[in-house]
Amino acid sequence: MVIQIKNNVSNQEIQEISKKLNAFHIIYEGKQLLITGSGTKSLPVEMEKEVEQYWVFDNDMQLSSRKFKKDTRSVNFGKVAIGGNSKNTILIGGPCSVESEEQIRQSAQLLVKLGLTTLRGGCYKPRTSPYSFQGMGLEGLKLLAKMREEYGLTVITEARDATHIDEIIDYTDVIQIGAKAMYDQGILRACSKINKPVLIKRGFGTTLQEFVQAAEFVLSGGNQNVVLCERGLRTFETATRFTLDLCGVAWLQEYSNLPIILDPSHAMGYAYGVPNLARACTAMGIDGLLIETHPNPKIAKSDASQQLDHEEFQSLFNSLHAVASSIGYKIV
Ligand code: PEP
Ligand code: MN
């Protein structure tokens with residue numbers, strides 16, 4: 001249940017009620033909210049005079065639901081707003097991993113040339129094998145920060161586990177929580193205590209309910225800047241790396257108020273399929289696309305097969321405008 005407390009109730013009283021209900025207390029759009037689990041279906045009678053309004057839910061998709069907030073939330077990635085009534089589809093580009101200053105600079109320059117604003121690059125990589133390249137760590141974060149400074153870009157990088165979350169929060173503008181890390185309570189809780197936008201990727205075996213509940217960890221802790229990212233599920237099919245769940249995206253658009261970004265690169269696993277998938281995703285009226293691109297994909301240290309080279313990225317970018325504008329959106 002989400003309970004909006006009247007404005008004239010003192011902070012001390014709010015703290016007492018919150019303790020009694022074992023509720024989260026947040027301030028949302030100037031409103032004092034208390035949040036309990038969806039198992040609470042009615043208000044304690046003695047509380048009724050303090051309550052402005054309240055929302056009852058069938059399950060723990062609460063703050064992220066359209067039942068609580070009808071319109072899609074607006075989240076700022078640097079100067080660019082997505083969601084709300086922006087009709088923006090933000091195109092986030094950059095390599096899977098930051099590998100060197102020369103490499104990440106080339107990606108940064110590509111984005112600047114195309115008028116794009118948001119550069120991705122992993123520094124702590126959640127690899128499936130301990131023998132693969134694990135990322136540049138802090139050195140990589142410093143390179144991303146340098147690109148932000150030199151080119152005015154917004155940077156996004158992923159947190160692999162809770163041990164380095166403070167470092168990630170310090171260095172990046174948008175925190176990406178990867179598909180393998182989205183259940184990590186240390187990451188989710190740390191991200192709930194800040195105001196920077198958090199992009200949560202759906203695990204490849206994660207139900208939509210679990211996905212939105214991961215978002216609820218961040219929202220109920222006080223950070224309202226959450227964005228969801230669909231990046232493919234594991235199915236019986238092995239010809240492609242994963243299976244992009246566009247039905248799930250349609251479900252999220254119907255029931256959730258969080259902006260949605262799609263990542264066809266990781267879903268497909270092969271560069272040849274990424275442009276068509278990206279156009280299909282754009283046609284759904286989504287809030288963003290995350291596309292891996294590398295100056296020379298053949299020598300990429302991670303996800304080599306799925307990264308577009310810069311020419312392919314540019315040609316995809318050129319083709320997206322017509323798709324986006326046909327449904328009233330724009331690529332930013
Ligand atoms: C990535 O974005 O490079 C990545 C590792 O993604 P995911 O968490 O979706 O596998
Ligand atoms: Mn990758």
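Trainee: Let's start with Cys 191. How far is the sulfur of Cys 191 from the closest cysteine sulfur?
Mentor: The closest cysteine sulfur belongs to Cys 229, and it is 15 Å from the sulfur of Cys 191, which is too far for a bond. Keep in mind that this is a predicted model.

Trainee: Is Cys 191 buried or exposed?
Mentor: Cys 191 counts as buried, because its relative accessibility is 0%.

Trainee: And how many disulfides turn up in the whole structure?
Mentor: Zero disulfides are found when the whole structure is searched.

Trainee: What about Cys 96, is that one buried or exposed?
Mentor: Cys 96 counts as buried too, at 1% relative accessibility. Cys 96 also has a job to look at here: its SG atom coordinates the manganese ion (ligand 2).

Trainee: Nice, a metal site! Which residues coordinate the manganese ion (ligand 2)?
Mentor: There are Cys 96 through SG, His 266 through NE2, Glu 292 through OE and Asp 303 through OD, at 2.1 to 2.4 Å.

Trainee: How are those donor residues spaced in sequence?
Mentor: The spacing reads C-x169-H-x25-E-x10-D. As for the last two, Glu 292 sits in strand 14 (residues 288–292), while Asp 303 is in the loop between strand 14 and helix 10 (310–326), so this pair ties together parts that are eleven residues apart in sequence.

Trainee: Are Glu 292 and Asp 303 buried or exposed?
Mentor: Glu 292 is buried, with a relative accessible area of 0%. Asp 303 is buried as well, with a value of 17%, and the cut-off for buried is under 20%.

Trainee: You mentioned helix 10. At what angle do helix 2 and helix 10 cross?
Mentor: The axes of helix 2 (residues 101–114) and helix 10 cross at roughly 25° and come within 11 Å. That angle makes helix 2 roughly parallel to helix 10, since angles under 35 degrees count that way. Their crossing is right-handed.

Trainee: And how do helix 9 and helix 10 cross?
Mentor: Helix 9 (residues 274–282) and helix 10 have axes that come within 9 Å and cross at roughly 25°. Helix 9 is therefore roughly parallel to helix 10. This crossing is right-handed.

Trainee: Let's go back to the stretch around Cys 191. How do helix 5 and helix 6 cross?
Mentor: Helix 5 covers residues 185–192 and helix 6 covers residues 208–220; their axes come within 7 Å and cross at roughly 40°. That makes helix 5 oblique to helix 6. Helix 5 passes helix 6 in a right-handed crossing.

Trainee: What comes after helix 6? Where is Asn 223?
Mentor: Asn 223 is in the loop between helix 6 and strand 12 (226–230). Asn 223 counts as buried, at 0% relative accessibility. Its C-alpha atom is separated by 23 Å from that of Asp 58, and the two residues are 165 residues apart along the chain.

Trainee: New topic: which domains is the protein divided into?
Mentor: Domain 1 spans 2–55 and domain 2 spans 74–331. Taken over C-alpha atoms, the centres of domain 1 and domain 2 are separated by 35 Å.

Trainee: Then where does Leu 63 lie?
Mentor: Leu 63 lies in the loop between strand 4 (51–55) and strand 5 (74–77).

Trainee: Is Leu 63 buried or exposed?
Mentor: Leu 63 is buried, with a relative accessible area of 0%. The C-alpha atoms of Leu 63 and Thr 163 are separated by 28 Å, with their positions 100 residues apart along the chain.

Trainee: Last topic, backbone angles. What is phi of Glu 29 near?
Mentor: Phi of Glu 29 is near 50°, a positive value in a residue other than glycine. For background, most residues other than glycine have a negative phi. Glu 29 is found in the loop between strand 2 (24–28) and strand 3 (31–35), and Glu 29 is exposed, with a relative accessible area of 56%.

Trainee: And what is phi of Lys 87 near?
Mentor: Phi of Lys 87 is near 55°, again a positive value in a residue other than glycine. Lys 87 has its place in the loop between strand 6 (80–83) and strand 7 (88–94). Lys 87 is partly exposed, with a relative accessible area of 42%.

Note on methods
Residues are numbered from 1 along each chain as its sequence is written. Chains are lettered from A and ligands numbered from 1 in the order in which they are written. This is a predicted model: local features need pLDDT of at least 70, side-chain atom pairs count only at pLDDT 80 or more; totals for chains, interfaces and linings use all residues. Side-chain values use heavy atoms; hydrogens and water are left out. Donors are N, O and S atoms within 2.8 Å of the metal (3.2 Å for Na, K and Ca); water is not among the atoms, so sites may look incomplete. Helices (H or I, at least four residues) and strands (E, at least two) are DSSP runs, numbered from the N terminus. Buried means under 20% relative accessible area, exposed over 50%, partly exposed in between (1.4 Å probe, protein chains only). Domain bounds come from an automatic or database domain assignment. A disulfide is a pair of cysteine sulfur atoms within 2.5 Å. Axes are lines fitted to C-alpha atoms, for helices over the stretch in contact, and angles run from 0 to 180 degrees between N-to-C directions. Angles under 35 degrees count as roughly parallel, over 145 as roughly antiparallel, 65 to 115 as roughly perpendicular and the rest as oblique. A crossing is left-handed if the near helix is turned anticlockwise from the far one by less than a right angle, and right-handed if clockwise.
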